[in-house]
Amino acid sequence: MQIANTETVPNGEVVEVIGIARGNTVEARNAGRDITQGIRNVFGGELKAYSELLSKARDEAISRMEADAERMGADAVVNVRLETSQITDGGSEVMAYGTAVRLE
């Protein structure tokens with residue numbers, strides 16, 4: 001499975017557009033991390049625990065999008081985009097979506 005945020009993939013010609021492939025996950029913060037990250041926020045610097053949480057969520061959303069595309073019979077997903085939104089206090093959704101296609 002090839003994943004690209006462009007309209008095409010190198011050395012691949014799109015012969016069929018199948019539809020939209022998507023994957024999402026909702027991740028919640030950990031109360032213990034909130035305390036340590038709150039202290040770090042006072043002094044400045046990267047909130048590494050949150051960066052790691054969002055990175056994990058992005059990877060999971062992309063993996064689920066890829067699985068959705070495979071179920072559809074796709075060889076690739078093009079025009080891939082990522083979005084995030086706050087669902088509740090302490091919880092964010094990350095969504096990956098793109099166009100599932102078959103390549104020549």
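Me: Why is Glu-27 called buried?

Reply: Glu-27 has a relative accessible area of 16%. Buried means under 20%, exposed means over 50%, and partly exposed lies in between (1.4 Å probe, protein chains only). Since 16% is under 20%, Glu-27 counts as buried. Before we go on, note that this is a predicted model, where local features need pLDDT of at least 70 and side-chain atom pairs count only at pLDDT 80 or more, while totals for chains, interfaces and linings use all residues. Residues are numbered from 1 along each chain as its sequence is written, and side-chain values use heavy atoms, with hydrogens and water left out.

Me: What makes the pair of Glu-27 and Lys-56 a salt bridge?

Reply: The rule asks for a side-chain nitrogen of Lys or Arg within 4 Å of a carboxyl oxygen of Asp or Glu. In this pair the closest N and O atoms are 3.4 Å apart, so the rule is met. Glu-27 sits in strand β2 and Lys-56 in helix α2, 29 residues apart, and the pair thus links distant parts of the chain. Helices (H or I, at least four residues) and strands (E, at least two) are DSSP runs, numbered from the N terminus. The count of salt bridges by this rule is four.

Me: Which side chain, besides that of Lys-56, makes a polar contact with Glu-27?

Reply: The side chain of Thr-25 does, at 3.3 Å. A polar contact is a pair of N or O atoms within 3.5 Å; within protein, one must be able to donate a hydrogen and the other to accept it, and residues adjacent in sequence count only if both atoms are side-chain atoms. The side chains of Glu-27 and Lys-56 are joined by a polar contact of 3.4 Å.

Me: How do you know that Glu-60 and Arg-64 are separated by about one helical turn?

Reply: Both are in helix α2, four residues apart, which is about one turn. An α-helix has 3.6 residues a turn, so residues three or four places apart point the same way. Glu-60 and Arg-64 form a salt bridge, their closest N and O atoms being 2.7 Å apart. Glu-60, at 31% relative accessibility, is partly exposed, and so is Arg-64, at 38%.

Me: What makes Asp-68 buried and Arg-71 exposed?

Reply: Asp-68 has a relative accessible area of 15%, so it is buried. Arg-71 has 65%, which puts Arg-71 in the exposed class. These two side chains meet in a salt bridge (3.5 Å, N to O). They lie three residues apart in helix α2, about one turn of the helix.

Me: How do you know that the span of helix α2 agrees with what it should be?

Reply: The expected span is 1.5 Å times one less than the number of residues. Helix α2 has 24 residues (48–71), so it should span 34 Å, and its end C-alpha atoms are 35 Å apart, which agrees. Just after α2, Gly-73 takes a positive phi of about 85 degrees.

Me: What makes a nonpolar core, and which residues form the largest one?

Reply: A nonpolar core is a set of buried Ala, Val, Leu, Ile, Met, Phe, Trp, Tyr and Cys residues joined through side-chain atoms within 4.5 Å. The largest here has eleven residues, including Ala-21, Met-65, Val-80 and Ala-96. Two or more residues come from each of α2, β3 and β4 (91–103). Helix α2 gives the most, with four residues. Apart from this core lies another, of six residues, among them Ala-4 and Val-101.

Me: Why is Asn-11 called exposed and Asn-79 partly exposed?

Reply: Asn-11 has a relative accessible area of 87%, so it is exposed. Asn-79 is at 27%, and therefore counts as partly exposed. Asn-11 is in the loop between β1 (2–3) and β2 (14–28), whereas Asn-79 is in strand β3 (residues 76–88). Phi is positive in each: near 60 degrees for Asn-11 and about 55 degrees for Asn-79.

Me: How many bridges join β3 to β4, and what makes two strands a pair?

Reply: Two strands pair if DSSP finds at least two bridges between them. Ten bridges join β3 to β4, which run antiparallel, so these strands pair. One partner of Ala-76 is Val-101 in β4. Strands β1 and β3 run parallel and are joined by two bridges, and Gln-2 has Ala-76 as its bridge partner in β3.
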